[in-house]
Amino acid sequence: MKNSKAFTLIELCTITAIIAILCAIAYPSYIHYLKISRRSDAHIELLKLAGVQEQFFLYSQQYSSLQNINLASGSDNYVTQQGYYRITATVTPSSYLLTATAIGLQASDSECQILTLAQDGSRDSTSHERCW
């Protein structure tokens, strides 16, 4: 019998099965961490819009809609830079509530679908404290 230096079919199937099992374990964790990292898109934009609202309040002594301060067109909907959240503003002259709702790929993030930020700095989410 010759001395063979190639892989057998059994060895290739075994290696393929091991790689498939590792991928089946790793992929859900990868998706979970992607969702967590995409939440920063909402955090950044909510804090940015809060700063813009406070700056507007400093000059005019009242808060304004996103449309009035040229951040949204048509309605008070503002899509974040990465496109993972839609931000709406509920505004009165003395208060505002910014609400970020997950859209697109981030809509499957069942833990943190909605994040809110109010003029007093209070933060909330639909289900978990760890969303902020």
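1. In this predicted model, the side chains of Asp109 and Arg39 form a salt bridge, with 2.8 Å from N to O. Asp109 sits in the loop between β3 and β4, while Arg39 belongs to helix α1 (residues 9-60), so the bridge ties together parts that are 70 residues apart in sequence. Side chains of opposite charge can pair when their charged atoms come close.

2. Both partners are shielded by the protein. Asp109 has a relative accessibility of 3% and therefore counts as buried, the cut-off being under 20%. Arg39 is likewise buried, with a relative accessible area of 4%.

3. Arg39 has a second acidic partner. Its closest approach to Glu111 is 3.3 Å between N and O, and this pair too is a salt bridge. Again the link is between distant parts of the chain: Arg39 is in helix α1 and Glu111 is in the loop between β3 and β4, 72 residues away. Taken together, Arg39, Asp109 and Glu111 are linked in a network of salt bridges. When checking this site in the viewer, start from Arg39 in helix α1 and look for the carboxyl groups of Asp109 and Glu111.

4. The whole structure holds 3 salt bridges. Apart from the two formed by Arg39 with Asp109 and Glu111, there is one between the side chains of Glu45 and Lys48, at 3.4 Å from N to O. Glu45 and Lys48 both lie in helix α1 and are 3 residues apart, about one turn of the helix. Their surroundings are unlike: Glu45 counts as buried at 4% relative accessibility, whereas Lys48 is partly exposed at 39%.

5. Which rings pair with Tyr63? The search finds 2 aromatic pairs in the structure. In one of them, Phe57 and Tyr63 are stacked, with 4.6 Å from centre to centre and 25° between the planes. In the other, Tyr63 and Tyr96 meet edge-to-face, at 4.8 Å centre to centre and 75° between the planes. Here the pair joins distant parts of the chain, as Tyr63 is in the loop between α1 and β1 (77-79) and Tyr96 is in strand β3, 33 residues apart.

6. Ring pairs thus link Phe57, Tyr63 and Tyr96 into a cluster. Tyr63 is buried, with a relative accessible area of 8%, and Tyr96 is buried as well. Phe57 counts as partly exposed, at 24% relative accessibility.

7. Gln119 touches two members of that cluster. Leaving aside neighbours within four places in sequence, the contacts of Gln119 are Glu54, Tyr63, Ser94, Ser95 and Tyr96. Gln119 itself is found in the loop between β4 (114-118) and β5 (123-125). Is Gln119 buried, partly exposed or exposed? At 30% relative accessibility, Gln119 counts as partly exposed. As a further point of reference, the C-alpha atoms of Gln119 and Val79 are 20 Å apart in space, and the two residues are 40 apart in sequence.

8. On the overall fold, the chain has 1 helix and 5 strands, arranged along the sequence as α-β-β-β-β-β. Its radius of gyration is 24 Å, well over the 14 Å that the globule rule gives for 132 residues, so the chain is more spread out than a compact globule. The C-alpha trace spans about 90 × 30 × 20 Å along its principal axes.

9. Of the 132 residues, 29% count as buried. The chain exposes about 8700 Å², and carbon and sulfur atoms supply 60% of that area. Among contacts between residues at least 6 apart in sequence, 39% join residues at least 24 apart.

10. A word on confidence. The mean pLDDT of the chain is 86, and 90% of its residues reach 70 or more. Among the elements, strand β3 (residues 95-102) has the highest mean pLDDT, 92, and β5 the lowest, 79. Where pLDDT is low, the predicted coordinates should not be read in detail.

Notes
Residues numbered from 1 in each chain as written. Predicted model: local features only at pLDDT ≥ 70, side-chain atom pairs only at ≥ 80, totals over all residues. Heavy atoms only, no water. Helix = DSSP H or I, 4+ residues; strand = E, 2+ residues; numbered from the N terminus. Buried < 20%, exposed > 50% of the residue type's maximum accessible area, 1.4 Å probe, protein only. Contact = heavy atoms within 4.5 Å. pLDDT = per-residue confidence, 0-100. Salt bridge = Lys/Arg side-chain N within 4 Å of Asp/Glu carboxyl O. Phe/Tyr/Trp six-rings, centres within 6.5 Å; stacked < 30°, edge-to-face > 60°. Rg over C-alpha atoms; globule rule 2.2 N^0.38 Å. Areas by Shrake-Rupley, 256 points an atom, 1.4 Å probe, with all protein chains shown as cover.
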